[in-house]
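I opened a fresh page today to get to know a new structure. Come and look along with me as I go from place to place.

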Amino acid sequence: MKKKLLALLLLVSLLGAVLSGCGDGSTDRAPEDGQNDTGSTEAAPHANEITVGIAQDLDESLDPHIAVAAGTKEVMFNVFEGLVKPTSTGDLIPAVAEDYTVSEDRRTYTFTLREGVKFHNGDTVTAEDVVYSITRCADTSEGAPLVEAFSVIQAVEAIDARTVAITISEPSNEFISYLTTAILPADYDRQDTAPVGTGPFRFVSRTAQDNIVLERFDEYWGTPAYLDKVTYKIIENADSIMMSLQSGAIDLFAHLTSTQAAQLGSNFHVAEGTMNLVQALYLNNAEKPFDDVRVRQALCYAVDKQGIIDLAFDGYGSPIGSSMYPAFSKYFEEDLANYYTRDVEKAKSLLAEAGYPDGFAMTITVPSNYQPHIETAEVLVEQLKEIGVTAKIELVEWGTWLSDVYAGRQYQSTVVGVDASNMTARALLERFSSTAGNNFINYNNAEYDALFAQALASYDDAEQTALYKQMLENLTANAANVYIQDLADLVAVRNGLEGLNFYPIYVLDLSTVRWAE
């Protein structure tokens, strides 16, 4: 009924796809009789491999230190590891390193590497590889370091073949989280096209705009992957996604809409988690009319985020009010989701104050392959009409979005989801500091910058947490963006597959996925 209402309201049928995330549990929507689509109860024969559908091609470069797209990191999580790595419960555990110690002044981290960890090219990981990888990400010779948090690194030293010491300029509560950064072989220069890591799967091949192939790495130091081979099939068109699922060409597809999930045949069940993303109508604060805080606040008052969740997502999703999602419970401020309650008259009054009594026209640029963002934009168009704002949706290819919107900042507004790639609050909030290279909304607020500087200088966890919360309140009060939700993550899983785990970050771990015996 809700989807029919959406169709009547919007009179459009735009197609595309989504992003990824966290959560726990699953919802089984397979038929009770256990039959497949042909009526047979026999399981279809299969090799020990799967095909995973993804809605976008990966970055042009697969080098993990350079790639920027969340989708690339989602896939290559299976190929690369750092000194430590995240678990599905949100903890950090040793990976390439077997353990580490922190000096009394909390400035020197000393890592002992696991013995005999192999790269996918057969080389053994040494301390020199670790020094190379960390130093490379901390290098500022060409501007900002590849990992912004590594700007505090003063020295990276190989004490012996299995011991590395990293010294930072000042104590940091979050520094260890950034050591999930991939460890790469020092003498290898083809990471962009033929990446080599230490993860449970090794890269085999890539066909641009078509597929990426991974195989189990039999010399993996940890628990080996169950599957022999994983093929990621790039399918950007929503109709093609459903056809591929229903025909049996795809075994697993994440980030479906509720409508797509409802259309799955009886060969699938749906695992339900959350994407751990901050979905918002992101506003270019340097572009008129969004350089005026009153205009941005007016949009916040005009939008009914629960209405979007109910209408476009059948109630799946968690409302948010700032740049933090619920999995970060330590920092998440639930009350901020209600900072702006829908008030059409208040919104109109703010627009009039700002010099737009009759509203204005705007463009919402949306990646054409992300159906949930498209559906969100469709509802936004209708809600904004009520305050006299005429919004037009501009669909662009993902590569164009990355180059023009994210990197070029040539846009008015956009609907996307932003993630925290290394499980830190800093990763979500640093991007809005005025000097951040990834500040694609051009947010420029002196108070925010000052709070961020204080947070970085704080050695006390409680104090730093309080400062981050003040930064969140700053983003909300100044309507940096129109915050909407942490999207639900509905994953189509072919019957017979098991072991899928959700993480509190945007990754898809296939090492635990297996065919049931």
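**Entry 1: helix 7**

I began with helix 7, where Lys305, Gly307, Ile308, Ile309, Leu311, Ala312 and Phe313 are buried. That makes seven buried residues out of nine, and I noted the helix (residues 305-313) as mostly covered. A reminder to myself: this is a predicted model.

Next I looked at the two ends of helix 7. At its start, a side-chain oxygen of Asp304 comes to within 3.3 Å of the backbone nitrogen of Gln306. Just past the helix sits Asp314, with a positive phi of about 50 degrees.

**Entry 2: helix 8**

I then moved to helix 8 (residues 344-353) and wrote down Val344, Ala347, Leu350 and Leu351 as buried. Where do the buried residues fall when seen down the axis of helix 8? They lie within an arc of 125 degrees, so they line one face of the helix. I recalled the general rule that an α-helix has 3.6 residues a turn, so residues three or four places apart point the same way.

I also asked what covers the buried residues of helix 8. The cover includes helix 6 (293-302).

The ends of helix 8 got a look too. At the start, a side-chain oxygen of Asp343 reaches to within 3.3 Å of the backbone nitrogen of Glu345. After helix 8 comes Gly355, and its phi is positive, near 95 degrees.

**Entry 3: the nonpolar cores**

Which residues touch the most other members of the largest nonpolar core? I found Phe150, Ile166 and Leu179, in a core of 111 residues. Helix 3 (residues 127-138) gives the most to this core, with six residues. There is also a second, separate core of 42 residues, and Met275, Leu283, Ala302 and Leu487 are among its members. In general, nonpolar side chains in soluble globular proteins tend to be buried together.

I stayed a while with Phe150. Leaving out residues up to four places away in sequence, Phe150 touches Ile134, Cys137, Ala138, Phe175, Tyr178, Leu179 and Thr181.

One of those contacts, Ala138, is found in helix 3. Is Ala138 buried or exposed? Its relative accessible area is 15%, and the cut-off for buried is under 20%, so Ala138 is buried. With the same sequence neighbours left out, Ala138 touches Pro145, Phe150 and Ile153. I checked the spacing for Ile153 as well: Ala138 and Ile153 are 15 residues apart in sequence, and their C-alpha atoms are 7.0 Å apart in space.

**Entry 4: Ala155**

Ala155 has its place in strand 6 (residues 153-160). I noted a relative accessible area of 25%, and since partly exposed runs from 20% to 50%, Ala155 is partly exposed. Its contacts, not counting residues up to four places away in sequence, are Ala165, Ile166 and Thr167. I then looked across to Glu287, 132 residues from Ala155 along the chain. The C-alpha atoms of these two are separated by 41 Å.

**Entry 5: cysteines**

How many disulfides did I count? The count comes to zero. For the record, a disulfide is a covalent bond between the sulfur atoms of two cysteines. I looked up two cysteines on the way. Cys137 has 0% relative accessibility and counts as buried, and Cys300, at 7%, counts as buried too.

**Entry 6: strands and their partners**

I started with strand 10 (residues 229-234), which runs parallel to strand 1 (residues 49-54) and is joined to it by six bridges. Strand 9 (residues 211-216) is joined to strand 10 by five bridges, and these two run antiparallel. Thr231 in strand 10 made a handy landmark for me: Thr51 stands opposite Thr231, and Val213 stands opposite Thr231 as well.

Then I turned to an open sheet of six strands, in the order 14-18-13-17-15-16, with mixed pairing. Which strands stand at the edges? They are strand 14 (318-319) and strand 16 (390-396); each has a single partner strand, so one side of each is left without a neighbour in the sheet.

Within this order, I followed strand 13 (residues 278-283) and strand 18 (residues 481-486), which pair in the antiparallel sense over four bridges. My last note is on Leu281, whose bridge partner in strand 18 is Val482.

Terms used: Residues numbered from 1 in each chain as written. Predicted model: local features only at pLDDT ≥ 70, side-chain atom pairs only at ≥ 80, totals over all residues. Heavy atoms only, no water. Buried < 20%, exposed > 50% of the residue type's maximum accessible area, 1.4 Å probe, protein only. Polar contact = N/O pair within 3.5 Å; in protein donor to acceptor, adjacent residues only side chain to side chain. Pairing = 2+ DSSP bridges. Contact = heavy atoms within 4.5 Å. Disulfide = S-S within 2.5 Å. Core = buried A, V, L, I, M, F, W, Y, C linked by side-chain atoms within 4.5 Å. Arc of directions from axis to C-beta.
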